[in-house]
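Welcome to the tour. Open your viewer, switch to a cartoon view, and keep the selection tool at hand.

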Amino acid sequence: KNKNSDQVKYYQYCSAIPIGTAIAQSWNNKVAEIYGDIIGQEMEIFGIDIWLAPALNIQRSPLDGRDFEYYSEDPLVSGLNAAYITKGVQKHLGKTTTIKHFAANNQETNRMFANSMINERALREIYLHNFEIAVKLGKPHAVMSSYNLINGVHAANNKDTLTKILRNEWGFN
């Protein structure tokens, strides 16, 4: 008990699992799925339904504040890892992932005002392709938008990426 109150401190000890980059370096979808299964098991133990991960943005700089969460500089590797981790988590009834940060999250500092100016081809081939793979193959139940602007429009308000592409083209519902 906390000596200053009657409340009991509650600690949740979870397994120490490798960071996203290390999982991606295995080049093994089964390893990613097992990783997700471990997370799903712990979610059941602790009564957690939604995991605010995996984060699958493209690694753009070794100085990026979130690179330890991301899988790769390659959209295929990132997308497959997120998809199979999601499959592993969602083997557990009522448990799901939230793939993030959709999309083009390239910096941690001042990210609410960062404006990612990207032409449509680069956006689709580099920054969205990993999310497309994760959505179509992993079928996550949630997507978290990024804070940045994409071509002058905040990602959370971007009808092109959130509605036209994510929902209408990829079938995310």
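**First stop: a core residue and its contacts**

Select L56 and show what surrounds it: beyond its neighbours within four places in sequence, L56 is in contact with Y70, Y71, S78, G79, A82, I99, K100, N130, F131 and A134. Bear in mind as you look around that this is a predicted model.

Now widen the selection. L56 belongs to the largest nonpolar core, which has 30 residues. Colour L56, F102, L128, F131 and W170, the members that touch the most other members. In soluble globular proteins, nonpolar side chains tend to be buried together.

Which elements give two or more residues to this core? Highlight α1 (20-24), α2 (29-46), α3 (75-89), β2 (96-102), α4 (120-138) and α5 (159-169) to see them. Pause on α4, which contributes six residues, the most to this core.

**Second stop: the open sheet**

Next, show the strands. Three of them form an open sheet in the order β1-β2-β4, and their pairing is parallel. Which strands stand at the edges? Select β1 (50-51) and β4 (142-145): each has a single partner strand, so one side of each lacks a neighbour in the sheet.

Zoom in between β2 and β4, parallel strands joined by three bridges. Pick F102 here, and you will find its bridge partner in β4 at S145. F102 may look familiar, as it was also among the core residues that touch the most other members.

**Third stop: T21**

Move on to helix α1 and select T21. Is T21 buried or exposed? Its relative accessibility is 18%, and the cut-off for buried is under 20%, so T21 counts as buried. Display its side chain and draw a distance to the backbone oxygen of Y70, which it reaches at 2.9 Å. Leaving out residues up to four places away in sequence, T21 touches Q59, D67, F68, Y70 and Y71. Two of these, Y70 and Y71, are also on the contact list of L56.

**Last stop: the whole chain**

Zoom out and trace the protein chain from the N terminus: its elements run α-α-β-α-β-β-α-β-β-β-α, with five helices and six strands. The C-alpha trace spans about 55 × 40 × 35 Å along its principal axes. For 173 residues, a compact globule would have a radius of gyration near 16 Å, and the 17 Å of this chain agrees with that.

Finally, turn on the surface. The chain exposes about 9,800 Å², with carbon and sulfur atoms supplying 53% of it. Buried residues make up 45% of the 173 residues.

Note on methods. Residues are numbered from 1 along each chain as its sequence is written. This is a predicted model: local features need pLDDT of at least 70, side-chain atom pairs count only at pLDDT 80 or more; totals for chains, interfaces and linings use all residues. Side-chain values use heavy atoms; hydrogens and water are left out. A nonpolar core is a set of buried Ala, Val, Leu, Ile, Met, Phe, Trp, Tyr and Cys residues joined through side-chain atoms within 4.5 Å. Buried means under 20% relative accessible area, exposed over 50%, partly exposed in between (1.4 Å probe, protein chains only). Helices (H or I, at least four residues) and strands (E, at least two) are DSSP runs, numbered from the N terminus. Contact means heavy atoms within 4.5 Å. Two strands pair if DSSP finds at least two bridges between them. A polar contact is a pair of N or O atoms within 3.5 Å; within protein, one must be able to donate a hydrogen and the other to accept it, and residues adjacent in sequence count only if both atoms are side-chain atoms. The radius of gyration is taken over C-alpha atoms; the globule rule is 2.2 Å times the number of residues to the power 0.38. Accessible areas come from the Shrake-Rupley method with a 1.4 Å probe; for residues, only the protein chains shown count as cover.
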